[in-house]
Amino acid sequence: MSDTLYDVVILGSGPGGLQAAIHASRKKARTLMLGRIDNSSLYWAHVENYCCQIKISGEEILKKGRVQAESFGAEFRDEDVLAIEPDGKTFSLKLESGDTVRAKTIILATGSSRNKLGVPGEKELLGKGVSYCVDCDAGFYRNEVVAVAGCRSAAAGGAVALTNFASEVHLYCQELDVNEGLSKQLTDTGVHVHEGVTIKEIQGDDAVRSVLLDDGSTQDVSGVFIELGAKGVLELTAMLGVRLDENMKYIEADKKQRTNVEGVYAAGDICGPPLQMAKAVGEGCVAGIEAATYAKKLEVGA
């Protein structure tokens, strides 16, 4: 499946992304959706305020949405994106399995939440050694010892990327949850994986100096990267040059869900409040139609 060219690739597994997949695939665009539905905040929710549904679980909505999108020809891969690069008129996406796929258009529908570790020192040392974006800040830690917190693809992929800069990379997680390809990359690049050990406190005064671990030990580090879940809006937009709002939190998109980067669309919570499923579905509908229409007109090499 490496280097397969899709008309539309959707990042995110929530209602906005699913609605985009339904509309794009119905327009006969070759559509791929990436991500795990249990990453969506909707998965654990109980919904009472969505039109035409009295009470329904988020899990049921997402599972039905996937079946519906698949019935129109959409393809799904339950893995995350580690990197995106422009490739002529298309985009190249590196997946956590090590595969790459190409896309004529991308729809960003990954949600907006930035998961925090919730430990002492995290807030106080933000920007002083605590970071939520490996792609943004890795270059500041050349020849330094750093820690990464997280169990999923963002943490593992970030740890691998940091080995190009840092002298040592320590990954702390309760239980590593990545596929075989990414696990092998951790081993091959020499990342120190501490499974079953988590960070309890980030220590330092004017800068990060060490982390206190739940086994009572400490590790001297200069930086702590908190990467919980999949790649977030900050990392993905940094790769593409997509414009964010003035608070660097949400993606700016027009009424056709187009971003400032041609061929890149956005939908759902990633575009800002209100953070409601109804809004995400509506924006996903528009993004799916617009992306499919654009892609079908775009002529590129195979």
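This report walks through helix packing, strand pairing and cysteines in a predicted model.

## About the model

Local features here need pLDDT of at least 70, side-chain atom pairs count only at pLDDT 80 or more, and totals for chains, interfaces and linings use all residues. Numbering starts from 1 along each chain as its sequence is written, and side-chain values use heavy atoms, with hydrogens and water left out.

## Two helix pairs

Two packed helices are described by the angle between their axes and the distance between the axes. Helices (H or I, at least four residues) and strands (E, at least two) are DSSP runs, numbered from the N terminus. Axes are lines fitted to C-alpha atoms, for helices over the stretch in contact, and angles run from 0 to 180 degrees between N-to-C directions.

Let's begin with helix H1 (residues 15-26) and helix H7 (residues 277-297), whose axes lie 7 Å apart at an angle of about 35°. H1 passes H7 in a right-handed crossing (the near helix is turned clockwise from the far one by less than a right angle; anticlockwise would be left-handed). On the H1 side, the contact (heavy atoms within 4.5 Å) uses Pro15, Gly16, Gln19, Ala20, His23 and Ala24. H7 contributes Met277, Ala280, Val281, Gly284, Cys285, Gly288, Ile289 and Ala292. Sorted by class, that makes nine nonpolar, five polar and no charged residues. Here Ala, Val, Leu, Ile, Met, Phe, Trp, Tyr, Cys and Pro count as nonpolar, Asp, Glu, Lys and Arg as charged, and the others, Gly among them, as polar.

Next come helix H4 (residues 153-162) and helix H5 (residues 180-188), with axes that come within 9 Å and cross at roughly 35°. This crossing of H4 past H5 is left-handed. Ser153, Ala156, Gly157, Ala159 and Val160 of H4 meet Leu182, Gln185 and Leu186 of H5. Five nonpolar, three polar and no charged residues make up this contact.

## Strands S6, S7 and S8

Strand S6 (residues 81-87) pairs with strand S7 (residues 90-95) in the antiparallel sense over six bridges; two strands pair if DSSP finds at least two bridges between them. Glu85 has Ser92 of S7 as its bridge partner. The S6 and S7 hairpin has two residues between the strands, and Gly88 takes a positive phi near 65° there.

S7 is also joined to strand S8 (residues 100-108), antiparallel, by four bridges. Ser92 appears again here, with Arg102 of S8 as its bridge partner. Four residues separate S7 and S8 in their hairpin, and Gly98 in the turn has a positive phi of about 100°.

## An open three-stranded sheet

Further along, three strands form an open antiparallel sheet in the order S13-S14-S15. Strand S13 (199-204) and strand S15 (218-220) are the edges, each with a single partner strand, so one side of each lacks a neighbour in the sheet. Ignoring direction, neighbouring strands are turned by 25° against each other on average.

S13 and strand S14 (residues 208-213) are joined by five bridges. One of the bridge pairs links Ile202 with Val211 of S14.

## Cysteines without a disulfide

The structure holds zero disulfides (a disulfide being a pair of cysteine sulfur atoms within 2.5 Å). For Cys151, the nearest cysteine sulfur is that of Cys173, 4.2 Å away; Cys173, likewise in no disulfide, has Cys151 as its nearest.

Are these two buried or exposed? Cys173 is buried, at 1% relative accessible area, while Cys151 is partly exposed at 22%. Buried means under 20% relative accessible area, exposed over 50%, and partly exposed in between (1.4 Å probe, protein chains only).
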